[in-house]
Amino acid sequence: MKLRTALTLAALLAGLAACQDERAAKTDPLAIKPDTACALDGMLLADYPGSKAQIHYAQGKPEFFCDTVEMFSLYLKPEQAKRITALYVQDMGATHGQAAKADWIDAHQAFYVQGSSQQGSMGATLVPFGQRAQADAFAKRFGGKVLAFAEIKADMVGLDGGALHDSHM
């Protein structure tokens with residue numbers, strides 16, 4: 001019985017260590033450079049207004065996206081198999097709607113405005129804010145609904161109006 005208890009305790013400690021390693025693997029957001037390109041369509045991020053996003057993986061380089069919808073469309077795919085260590089979006093409350101190049105926040109902590117009159121680089125977008133009050137004020141001014149990260153579902157982030165819609169390239 002003592003051996004079984006010791007093995008159970010060892011397994012729990014190993015699991016705890018793995019969780020700590022996962023948190024330690026989380027990286028800081030990277031800055032957008034003049035040549036930083038979108039992982040889905042190759043657009044240069046610095047050339048377009050609106051919030052950008054980045055995904056960091058346990059293995060491999062981070063990927064940048066020229067719009068939050070693109071990041072969510074990849075993240076929410078059921079076939080997404082890479083282990084993600086961090087998701088970042090730009091706080092549009094901090095950038096005041098300008099072409100954001102910094103002001104990265106954890107995507108899980110952000111509040112998103114869906115359905116506003118404001119467009120992202122790929123058309124209709126999810127506008128992220130670090131503060132709920134800023135998201136509410138934006139929605140009041142430009143329309144839309146405020147959502148938490150967990151409320152965003154795959155059917156809300158189709159790419160049919162953006163890069164995948166442009167088949168004449």
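In this predicted model, Phe-129 has a relative accessibility of 3% and therefore counts as buried, the limit for that class being under 20%. Phe-138, at 15% relative accessibility, counts as buried by the same criterion.

Aromatic contacts occur elsewhere as well: a search of the whole structure finds 6 aromatic pairs. In one of them, the ring centres of Phe-129 and Phe-138 are 5.1 Å apart and the planes meet at 50°, so this pair is classed as tilted. Phe-72, Tyr-75, Tyr-112 and Phe-149 together form one aromatic cluster. A charged side chain also faces a ring, since Lys-82 lies over the face of Tyr-57 at 4.6 Å from the ring centre.

The strands may be considered next. Strands of a sheet pair through backbone hydrogen bonds, in either a parallel or an antiparallel arrangement. Here, an open sheet of 3 strands follows the order 6-5-7, and its pairing is antiparallel. Strand 6 (123–129) and strand 7 (145–148) occupy the edges; each has a single partner strand, so one side of each is left without a neighbour in the sheet. From one strand to the next, the twist averages 40°.

Strand 5, which comprises residues 111–120, pairs with strand 7 in the antiparallel sense over 4 bridges. Within this pairing, Phe-111 has Ala-148 of strand 7 as its bridge partner.

Two helices pack on the sheet. Helix 2 (residues 68–75) touches strand 5 and strand 6, and its direction makes about 90° with that of strand 6. Helix 4 (residues 132–142) touches strand 5, strand 6 and strand 7, and its direction makes about 35° with that of strand 5.

Key:
Residues numbered from 1 in each chain as written. Predicted model: local features only at pLDDT ≥ 70, side-chain atom pairs only at ≥ 80, totals over all residues. Heavy atoms only, no water. Phe/Tyr/Trp six-rings, centres within 6.5 Å; stacked < 30°, edge-to-face > 60°. Buried < 20%, exposed > 50% of the residue type's maximum accessible area, 1.4 Å probe, protein only. Lys NZ or Arg CZ within 6 Å of the ring centre and 35° of its normal. Pairing = 2+ DSSP bridges. Axes fitted to C-alpha atoms, helices over the stretch in contact; angles between N-to-C directions. Contact = heavy atoms within 4.5 Å.
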